[in-house]
Amino acid sequence: MSKPHVLAIPYPAQGHVIPLMELAQCLARSGIKVTFVNTEFNHERIVKALSHTGDINELIHLASIPDGLEPGEDRNDLGKLTEAMLKVMPEKLEALIEKINETESDKIMCVITDYGLGWALEVAEKLGIKRASFLPAAVALLSLAINVPKLVDDGIIDSNGIPLKHQVIQLSPGMPEMSTANFAWTCIGDIATQKIMFQSIRLNNKSAKLADRLICNSSYELEHEALTLVPNCLPIGPLLASNRLGKSAGYFWPEDSDCLTWLDQQPTNSVIYVAFGSFTVFDQVQFQELALGLELTNRPFLWVVRQDMTQDNIKAYPKGFHERVKNRGKMVSWAPQQKILSHPSVSCFLSHCGWNSTIEGISNGVPFLCWPYFADQFLNQTYICDYWGIGLGLDKDNSGIIRQEEIRTKVELLLTNKCYKTRTMNLQSRTMSSVTEKGCSQKNFKNFVNWIKET
Ligand SMILES: O=c1ccn([C@@H]2O[C@H](COP(=O)(O)OP(=O)(O)O[C@H]3O[C@H](CO)[C@@H](O)[C@H](O)[C@H]3O)[C@@H](O)[C@H]2O)c(=O)[nH]1
């Protein structure tokens with residue numbers, strides 16, 4: 001008998017592709033064949049980056065469809081990308097599934113889609129295929145999104161998602177506080193983009209009703225309250241390559257693995273790991289201030305400076321910086337982050353608080369310095385600093401810049417006050433218990449696999 005065949009489709013962003021690819025690898029290990037559909041643009045990048053690390057898995061087939069944008073158009077303009085995708089991708093996905101399903105024995109029997117691509121659930125429903133939605137972000141974010149109609153009714157936001165006044169809300173007494181100024185959709189781009197993203201959230205909430213299963217990359221240990229508010233959302237996380245002793249895949253950039261050798265040479269618990277995910281962009285003043293701040297800490301640091309991380313892609317390091325830090329600072333363009341965070345030399349994580357970085361840090365017991373950039377990252381910072389107490393935020397000065405002295409002060413505070421490390425390690429051990437044989441996430445995953453295999 002042929003293996004069950006599912007199609008998985010991520011939102012075309014790095015922080016969405018990696019965890020869905022991790023899920024695909026777990027499914028493949030459970031004997032399920034996966035056709036993994038990226039946009040053509042990302043497919044090319046992933047295949048190029050993969051040529052450095054080898055194949056993924058014989059049960060994972062990489063496919064692609066266009067995203068509706070022309071070559072050279074700005075794919076970091078999320079409003080534009082979201083609109084283009086909605087116009088073009090549903091039809092292309094339908095055609096791809098129909099083509100695969102022309103075969104007698106290898107038909108797609110389940111579609112797993114990113115929560116942010118609700119239209120893929122509509123395509124699957126139209127074709128009579130069972131369907132699951134995958135949330136790669138915090139469940140707290142989902143519970144906020146689901147509460148949008150109530151937020152409008154209560155006069156907290158208008159029908160375009162714009163907050164009517166500045167205030168702090170709590171969705172239930174045990175939930176983290178949320179500032180209206182930091183709602184995910186109010187922290188993305190200009191007003192036009194914010195409106196598009198907000199409407200997209202409403203559309204996705206509607207399509208989510210078509211999902212037979214809703215799974216997420218979280219755990220009861222991390223988000224008990226939020227999961228109580230969304231009881232149909234089943235956590236299967238943290239999804240990490242180390243859980244299955246395998247390699248992660250789906251990277252847009254080739255990784256620089258030399259930095260692991262460099263880490264081997266650093267003292268235990270000494271290195272500040274600095275990485276801001278795949279979207280964050282710095283202006284020159286902030287970029288320089290960060291460099292000087294790292295220098296000022298007088299500690300070893302490993303800093304991921306993506307090719308496209310500064311405006312105009314010009315990285316103007318402070319004069320003499322490389323020379324002064326050459327014995328204790330390393331800059332790389334893309335790092336094997338999961339491996340780095342598990343390295344004993346790493347002491348703390350200066351992070352933009354993307355959800356993947358958040359759970360990767362926790363899973364390795366690494367405390368945080370939080371430097372959120374956009375979207376859900378402010379909410380994740382609240383979890384880290386105020387809810388779990390495993391990190392500190394960095395404050396901006398009056399001109400909106402995080403200064404070098406602030407970086408030094410917070411690094412010192414985080415590393416000398418041992419309670420941050422202790423709390424992170426406690427949360428680590430609780431969180432990792434969920435993916436042990438008897439853990440809740442593991443049970444949910446097994447049930448999910450059984451559900452896929454049911455005909
Ligand atoms: O040098 C690097 C830097 C990052 N990563 C990996 O890239 C992923 C980054 O994901 P995340 O930390 O979530 O950041 P973003 O790429 O910014 O992710 C987007 O998607 C997330 C999930 O929805 C959101 O929480 C973020 O706000 C959004 O920006 C993680 O798995 C990292 O391990 C590397 O492997 N090497």
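Trainee: Which helix gives the most to the shell around the ligand?

Mentor: In this predicted model, α13 gives the most, with four residues. The helix spans 355-363. Another helix, α1 (14-29), also supplies at least two residues of that shell.

Trainee: How many residues surround the ligand, and which are the closest?

Mentor: A residue joins the shell if one of its heavy atoms lies within 4 Å. Here 22 residues surround the ligand. The closest are S278, A335, S357, E360 and D376.

Trainee: How do the residues of the shell divide into nonpolar, polar and charged?

Mentor: Eleven are nonpolar, nine are polar and two are charged.

Trainee: Which domains does the shell draw on?

Mentor: Domain 1 (5-145 + 193-237 + 435-453) gives at least three residues. Domain 2 (258-431) likewise gives at least three.

Trainee: Now the polar contacts. What lies 2.5 Å from an oxygen atom of the ligand?

Mentor: For a polar contact, look for N or O pairs within 3.5 Å. At 2.5 Å from a ligand oxygen lies a polar side-chain atom of S278. The side chain of H16 places an N or O atom 3.1 Å from an oxygen of the ligand. A335 uses its backbone instead: an N or O atom there is 2.6 Å from a ligand nitrogen.

Trainee: How much of the ligand's area does the protein bury?

Mentor: Start with the ligand alone, then add the protein. Alone, the ligand exposes 690 Å². The protein buries 98% of that.

Trainee: What is the space taken by the ligand?

Mentor: A cavity is a space where a probe fits but cannot get out. The ligand's space is the largest cavity.

Note on methods
Residues are numbered from 1 along each chain as its sequence is written. This is a predicted model: local features need pLDDT of at least 70, side-chain atom pairs count only at pLDDT 80 or more; totals for chains, interfaces and linings use all residues. Side-chain values use heavy atoms; hydrogens and water are left out. A polar contact is a pair of N or O atoms within 3.5 Å; within protein, one must be able to donate a hydrogen and the other to accept it, and residues adjacent in sequence count only if both atoms are side-chain atoms. Accessible areas come from the Shrake-Rupley method with a 1.4 Å probe; for residues, only the protein chains shown count as cover. On a 1 Å grid over the protein atoms alone, a cavity is a set of points where a 1.4 Å probe fits but cannot get out, and a pocket is an open set with protein on both sides within 12 Å along at least five of seven lines; lining residues have an atom within 4 Å of a point. A molecule sits in a cavity or pocket if more than half of its atoms lie within 2 Å of its grid points. Ala, Val, Leu, Ile, Met, Phe, Trp, Tyr, Cys and Pro count as nonpolar, Asp, Glu, Lys and Arg as charged, and the others, Gly among them, as polar. Domain bounds come from an automatic or database domain assignment.
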